[in-house]
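Student: Before we use these labels, I would like to go through the reasoning behind them. Could you take me through some of them?

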Amino acid sequence: MRTYSGHSTPKASNELYRANLAKGQTGLSVAFDLPTQTGYDSDASFARGEVGKTGVPIDSLGDLRELFEGLQLEQMNTSMTINATAAWLLALYVALAEEQGATLSKLRGTTQNDIIKEYLSRGTYVFPPEPSLRLIADMIEYTVEHLPEFNPVNVCSYHLQEAGATPEQEIAYALGTAIAVLDTVQARGVSQASLDKVFGRVSFFLNSNLRFIDEVCKQRAFARLWDKLGLERYGVQDAKLRRFRYGVQVNSLGLTEAQPENNIIRIVLEMLGVTLSRDARARAIQLPAWNEALGLPRPWDQQLSLRAQQILAYESDLLEHADIFEGSVVIERRTSELAAAAWAEVEAVLARGGIVQAVAEGYVKERLVAANAARLVAIEQGTQIVVGVNEFRESEPSPLLEAGSVDAILRVDPASEAEQIERLQRWRAGRDSAAVASALEALERAAREGSNLMPPSIAAAKAGVTTGEWANTLRGVFGEYRAPTGVSGASTPETLQEQLTRLRAELDDLTEQLGRRPKLLVGKPGLDGHSNGAEQIALRARDAGFEVVYEGIRVSPKELARAAADEGVHLVGLSILSGAHLELVGETLERLRALGLGELPVVVGGIIPEEDAALLRARGVRAVFTPKDYRIGQIIEQLIALVRSTSLPKAG
Amino acid sequence: MDELQELVERVLARDFAAVGRAISLVEDRRPRASERSERLLQLLRTSGRAAAGHCLGLTGPPGAGKSTLVSALARVARRRALSVGVLAVDPSSPRSGGALLGDRVRIEGDPDDELLYVRSMASGGDLGGLARAAGAAVEVLTAAYELVVVETVGVGQSETDVEHVSDTVVLVVQPASGDLLQFIKAGILEIPDVLVVNKLDLGPVATRAAAELRAALAATHPGRQASVPPVVLTSAATSDGVDELLDRCAEHRAQLAATGALEAERAARRRRWAYRLFRDWAGARGVQQLGGRAHAEARLALLLGEGRSAWGAASALAEQR
Ligand code: B12
Ligand SMILES: Nc1nc2c(ncn2[C@@H]2O[C@H](COP(=O)(O)OP(=O)(O)O)[C@@H](O)[C@H]2O)c(=O)[nH]1
Ligand SMILES: [Mg+2]
């Protein structure tokens with residue numbers, strides 16, 4: 001068991017790692033901050049307010065040195081949640097290992113390195129799909145030769161379920177991703193023996209929700225299809241190499257803000273789905289915390305989840321038995337059903353030319369947005385019951401939520417950002433700038449010529465190049481990418497016709513009175529990748545009859561304000577789940593005022609603690625929405641009323 | 001100076017917030033607003049800067065890369081120090097009237113760049129390819145910016161709407177899509193002034209498509225070698241060929257200006273656009289009552305000559321009827 005951690009500065013994270021290792025933790029799982037994940041230096045304008053927030057900032061080899069101070073990489077097993085910039089972080093890791101005199105072939109660890117799910121859900125992509133896949137293949141080629149113990153790719157279906165995927169979709173798009181990676185490697189003309197090795201190195205990261213019987217079957221179907229792929233598509237003869245290896249983090253999307261203590265029960269049930277069946281049991285399990293929908297968990301909240309695992313493992317008799325589902329007709333039937341449906345979707349993806357094309361065309365994201373819409377509409381209409389949300393809402397006052405306990409959710413010290421920027425600037429001043437320039441030149445040349453990018457990246461790491469410089473050099477060659485939002489091709493489920501008819505009539509009436517259609521700008525400022533809420537609001541608003549300008553994730557407050565002015569919108573809606581709402585909303589309001597748009601109504605949605613919501617309202621935000629407002633139809637109604645009251649001249 | 005005069009001044013000074021407000025005004029269909037928007041357009045027209053800008057109309061099937069190409073065009077034009085206005089038209093849902101206007105993202109502009117303006121508009125349902133207010137919005141944009149690019153979607157008839165508002169019509173296709181054949185069959189190749197085969201970076205399929213297109217054009221323009229529109233290969237992704245595309249478009253406009261056709265073209269275009277708007281309100285019967293299209297257009301030409309906008313002329317004629 002290991003905890004996914006890292007925060008504020010390399011030094012602080014190092015202390016945390018050492019403490020955890022001393023407590024008997026066996027490996028490290030490094031969380032990076034969003035600027036590092038999206039290829040920005042800590043002093044880039046996009047990084048403002050984000051440095052050290054969701055993980056550790058790594059700007060250069062110096063930072064990595066400090067992160068692993070006193071630790072021997074040769075003896076570590078390091079898992080890094082890094083994707084678009086994975087090649088760079090691996091380059092830094094190799095450079096540091098060499099510095100420590102380690103034998104490279106002994107390095108063990110994992111880079112997540114699944115770029116497809118970044119386009120579809122997680123959002124920390126940088127380059128377009130083709131060059132991104134090339135970077136992955138370069139890493140695989142490099143590790144197979146030099147770091148044979150390293151897992152270069154961990155295909156994630158976890159994030160797809162968090163973006164609304166059904167079990168069939170989760171299987172299909174994850175397998176589609178693995179196929180894209182393996183095909184790219186195969187196309188480079190590697191030997192069958194190498195291909196076998198690569199196949200055996202591909203591991204997965206799954207999700208598991210409350211429909212835990214289905215989840216048992218999903219894992220079985222996954223394993224079955226993976227075996228089939230290995231044998232039939234890639235000719236892997238050794239059955240051991242075709243074993244489906246995976247870890248799981250159980251579902252968070254279904255955890256609620258209302259009556260949050262119920263979530264601990266949900267988490268335990270979710271855990272059953274990935275443990276009950278011995279033949280379909282996760283190698284590693286991570287559990288979220290009961291207060292997931294409120295904000296970042298504190299150590300005590302995490303401890304409670306850890307205890308749930310320990311009680312299952314040590315107090316129950318689960319681990320004493322062979323597979324308890326062996327011979328079950330019900331499980332077998334459902335497994336075959338899921339496998340067949342998932343395989344049909346794999347074929348649909350392949351028919352489009354593979355997952356890369358299917359993603360670039362917007363097809364896959366549209367399917368996810370539609371699936372998520374169906375889920376949310378079912379909850380809104382009460383056909384899917386969520387205890388404490390749309391049923392059994394009455395509650396005794398919760399002692400867990402008493403004043404003093406909630407505002408203790410973890411907050412990050414803003415001073416660490418300044419500290420990190422200072423470190424970075426010192427680093428830049430202290431290096432050999434001619435060496436940096438020539439290392440970047442070599443990197444650019446390799447990018448253009450198509451040779452493997454690992455060696456020049458490692459050389460750049462040693463020369464003192466920074467994360468932003470590495471990424472910007474490749475941006476210059478590959479271009480920067482924006483993934484389809486999936487909203488245009490999805491539509492609100494038919495079951496909601498009545499609501500839509502009512503909203504459309506209201507909006508038609510308002511259109512008459514305004515002289516033009518109400519126009520809504522939905523914005524996601526900052527590096528926050530949580531797009532589910534913004535997508536669903538944009539989708540419903542459009543289907544109700546708004547003209548919606550939605551530009552996807554990672555749009556700066558400045559760009560949003562400019563868009564509001566250029567587009568002549570009636571209303572701005574910001575969606576922020578990263579915890580940076582005070583800074584980002586403040587900056588957006590300021591920018592709007594600077595453009596003479598101080599009167600434009602602004603609303604905010606996301607994970608906003610009540611005391612912050614009050615602050616935002618005091619600064620002029622017209623309304624704040626949180627996951628408690630699960631009836632999107634009612635939100636749209638409020639938006640219409642707001643446009644009515646702000647854009648029409650007041651009656652007499 | 002009254003409020004509208006001031007707005008016009010600021011539009012001419014390329015104040016993007018004012019341009020935004022001016023376009024919102026011409027989109028407004030309330031009777032009182034349309035009087036004001038009529039006056040705004042008149043002020044722009046008499047400012048001496050009217051239609052100073054060159055308007056490119058980009059059309060072509062979805063997925064061809066129009067939005068990406070608009071972004072590349074804007075980038076290259078800004079590098080040439082041209083001010084740029086973009087109007088991206090997306091379809092609206094016939095059922096709800098709503099629309100998702102998201103393509104703006106592809107225009108990766110610097111938010112501090114005051115000389116790059118981007119507006120999106122829904123097609124509005126009442127006209128096929130272009131929003132009712134698109135013509136007026138283009139008037140605002142061409143008064144303010146040196147290069148104006150209008151992007152529209154839609155295959156078939158409505159596609160040609162864009163020719164009513166732009167000086168140079170650019171048809172964008174992608175290789176190996178089958179679209180090409182369809183266009184050749186539908187006779188759409190008669191309309192564009194410049195043709196683009198995008199996604200040059202896909203390799204030989206693109207060059208092959210361009211060759212096919214050139215052959216098809218030669219066949220549809222027998223004996224008119226001079227009037228065969230140029231075919232440009234571009235990669236919106238890498239910006240390859242985009243400089244050449246801008247050059248070809250500039251040549252087209254220079255030709256129009258040299259032959260004195262630019263003004264006549266624009267007048268004819270405005271008349272056709274007004275006719276389109278009029279027919280949309282009055283229907284085929286309304287046109288019949290006036291004695292057919294030719295008569296209707298003649299009446300519209302008179303009204304336009306009095307300084308009305310296309311929209312103003314169409315509504316005046318609808319009232320006169
Ligand atoms: C799903 C999810 C993810 C998915 C996101 C998929 C996607 N494309 O959206 C994935 C797995 C990728 C993810 C990743 C991460 N996540 Co997350 N995630 C969640 C989770 C479980 C649910 C959010 C959600 O989608 N809800 C469903 C939607 C429909 O609800 P909603 O967005 O709240 O929207 C509703 C209202 O808020 C409102 N609304 C929202 N926006 C708008 C906009 C307008 C205009 C209006 C009117 C209304 C409105 O209306 C909606 C309808 O009810 C939350 C916890 C929770 N249960 O809420 C954590 C959570 C948001 N994540 C969190 C974290 C820390 C992360 C990571 C940083 C983890 C990591 N270290 O890697 C990464 C960051 C990735 C990134 N690039 O930013 C934290 C944020 C902490 C904080 N705010 O302090 C949370 C709160 C979990 C936690 N307690 O730690 N996450
Ligand atoms: N390879 C390649 N892809 C492109 C090019 N231009 C656009 N695309 C891609 O084609 C798809 C459609 O592009 P978009 O600009 O939205 O097309 P539109 O529907 O015509 O506006 C997107 O996935 C783009 O990334 C290009 O020049 N080369
Ligand atoms: Mg487009």
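Tutor: The turns below set values from this predicted model against the definitions of the terms used.

Student: What makes A:His530 a donor of the cobalt atom of ligand 1?

Tutor: The NE2 atom of A:His530 is at 2.1 Å from the cobalt. A nitrogen within 2.8 Å of the metal counts as a donor, so the label applies. A:His530 is the only protein donor of this cobalt, although water is not among the atoms, so the site may look incomplete. The residue lies in the loop between strand S10 (519–523) and helix H21 (532–544) of chain A.

Student: Why is A:Leu304 called partly exposed?

Tutor: A:Leu304 has a relative accessibility of 30%. Buried means under 20% and exposed means over 50%, so a value in between is called partly exposed. The residue is found in helix H12 (residues 299–314) of chain A. A:Leu304 also belongs to a nonpolar surface patch with A:Trp300, A:Leu400 and A:Leu401, and together they have about 310 Å² of accessible area.

Student: How do you know that A:Asn113 is buried and B:Ala81 is exposed?

Tutor: A:Asn113 is at 3% relative accessibility and therefore counts as buried, the limit being under 20%. B:Ala81 has a relative accessible area of 59%, and the limit for exposed is over 50%.

Student: What makes the phi angles of these two residues worth a remark?

Tutor: Most residues other than glycine have a negative phi. Phi of A:Asn113 is near 55°, and phi of B:Ala81 is about 65°; both values are positive, and neither residue is a glycine. A:Asn113 lies in the loop between strand S4 (108–111) and helix H5 (116–122) of chain A. B:Ala81 is in the loop between helix H4 (66–79) and S2 of chain B.

Student: How do you know that strands S2 and S5 of chain B pair?

Tutor: There are 5 bridges between S2 (residues 84–90) and S5 (residues 147–151). Pairing needs at least two bridges, so these strands pair, and they do so in the parallel sense. One of the bridge partners is B:Val150 in S5(B), which stands across from B:Leu87.

Student: Why are S4 and S8 of chain B called edge strands?

Tutor: The open sheet has 7 strands in the order S4-S2-S5-S1-S6-S7-S8, with parallel pairing. S4 (116–122) and S8 (231–233) each have a single partner strand, so one side of each is left without a neighbour in the sheet. Neighbouring strands of this sheet are turned by 20° against each other on average, direction ignored.

Student: What makes S1 of chain B mostly covered, and which strands does S1(B) pair with?

Tutor: In S1 (residues 54–59), 6 of 6 residues are buried. B:His54, B:Leu56 and B:Leu58 point one way, while B:Cys55, B:Gly57 and B:Thr59 point the other way. S1(B) is joined to S5(B) by 5 bridges and to S6 (residues 168–173) of chain B by 4 bridges. B:Leu56 has B:Val149 as its bridge partner in S5(B) and B:Thr168 as its partner in S6(B).

Student: How do you know that S3(B) pairs with a strand of chain A?

Tutor: S3(B) and S11 (residues 547–550) of chain A share 2 bridges and run parallel. The requirement is at least two bridges, so the pairing counts. A:Glu547 stands opposite B:Ala99 in S3(B). The open sheet they belong to has 6 strands in the order S14(A)-S13(A)-S12(A)-S10(A)-S11(A)-S3(B). Its edge strands are S14 (623–625) of chain A and S3 (99–100) of chain B, each pairing on one side only.

Terms used
Residues are numbered from 1 along each chain as its sequence is written. Chains are lettered from A and ligands numbered from 1 in the order in which they are written. This is a predicted model: local features need pLDDT of at least 70, side-chain atom pairs count only at pLDDT 80 or more; totals for chains, interfaces and linings use all residues. Side-chain values use heavy atoms; hydrogens and water are left out. Donors are N, O and S atoms within 2.8 Å of the metal (3.2 Å for Na, K and Ca); water is not among the atoms, so sites may look incomplete. Patches are made of residues with over 30% relative accessible area and no salt bridge: like charges are joined within 9 Å, nonpolar side chains (Val, Leu, Ile, Met, Phe, Trp, Tyr) within 5 Å. Accessible areas come from the Shrake-Rupley method with a 1.4 Å probe; for residues, only the protein chains shown count as cover. A salt bridge is a side-chain nitrogen of Lys or Arg within 4 Å of a carboxyl oxygen of Asp or Glu. Buried means under 20% relative accessible area, exposed over 50%, partly exposed in between (1.4 Å probe, protein chains only). Axes are lines fitted to C-alpha atoms, for helices over the stretch in contact, and angles run from 0 to 180 degrees between N-to-C directions.
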